[in-house]
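Reader: I am new to this structure. Please take me through one part of it, slowly enough that I can follow along.

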Amino acid sequence: FYSLYNLLFSPVSRKLSNNWGYLAGFLSGSVGAAFSAGGPPTIIYTTMNRWTKDEIKATLTGFFMFNSIVGAGAHAVTGLTTIEVFYKFLLAAPFVIVGTKAGTLCYSNFKQETYLKIIFFFLIFMGFMMIFY
């Protein structure tokens with residue numbers, strides 16, 4: 001609903017108090033622990049602030065990198081990472097690298113508004129994925 005609201009009405013972003021970051025972090029941790037998808041609260045927090053697309057990208061990159069390392073470590077320690085899972089990771093890794101490179105090349109061509117619209121569309125897609133899969 002947050003994404004739809006932003007796509008339909010284009011509200012003005014504002015500088016949020018740093019205290020909202022604690023709430024976003026708590027919600028990201030809670031949703032991440034429950035559904036392994038803690039990104040949406042962080043994405044919402046970054047897009048609600050009056051940040052540039054570079055600040056949003058840097059924050060989300062750091063968040064997802066840290067979150068991925070911790071999650072992969074936890075899965076390895078608890079035995080969830082099997083040979084089959086590792087094999088699928090190796091199959092997917094080249095596509096992730098190509099997608100990252102393609103996104104990096106396209107990123108500089110996007111204006112702030114376009115970048116935010118792309119984020120909102122992906123948030124909607126992620127929401128549908130969580131509901132229906």
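Author: This is a predicted model. Start at the surface. F122, F125, F128, M129, I131, F132 and Y133 form a nonpolar patch there. Together they have about 910 Å² of accessible area.

Take one member of the patch, F122. It lies in helix α6. Its relative accessibility is 53%, so F122 counts as exposed. The cut-off for that is over 50%.

Now look at F120. This residue also lies in helix α6. Is F120 buried or exposed? Its relative accessibility is 5%, so F120 counts as buried. Buried means under 20%.

What does F120 touch, leaving aside its neighbours within four places in sequence? It is in contact with Y2, S3, N6, L7 and T47. Y5 is worth finding too. F120 and Y5 are 115 residues apart along the chain. Their C-alpha atoms are separated by 9.4 Å.

F120 also belongs to the largest nonpolar core. That core has nine residues. The others are I43, I56, L60, Y107, Y115, L116, I119 and L123. Two elements give two or more residues to this core: α4 (53-78) and α6 (112-132). The largest share, five residues, comes from α6.

Finish with I43, another core member. Not counting residues up to four places away in sequence, I43 touches L60, F64, I119, L123 and M126. Among these, L60, I119 and L123 are in the core as well.

So helix α6 holds both the exposed F122 and the buried F120.

Key:
Residues are numbered from 1 along each chain as its sequence is written. This is a predicted model: local features need pLDDT of at least 70, side-chain atom pairs count only at pLDDT 80 or more; totals for chains, interfaces and linings use all residues. Side-chain values use heavy atoms; hydrogens and water are left out. A nonpolar core is a set of buried Ala, Val, Leu, Ile, Met, Phe, Trp, Tyr and Cys residues joined through side-chain atoms within 4.5 Å. Buried means under 20% relative accessible area, exposed over 50%, partly exposed in between (1.4 Å probe, protein chains only). Helices (H or I, at least four residues) and strands (E, at least two) are DSSP runs, numbered from the N terminus. Contact means heavy atoms within 4.5 Å. Patches are made of residues with over 30% relative accessible area and no salt bridge: like charges are joined within 9 Å, nonpolar side chains (Val, Leu, Ile, Met, Phe, Trp, Tyr) within 5 Å. Accessible areas come from the Shrake-Rupley method with a 1.4 Å probe; for residues, only the protein chains shown count as cover. A salt bridge is a side-chain nitrogen of Lys or Arg within 4 Å of a carboxyl oxygen of Asp or Glu.
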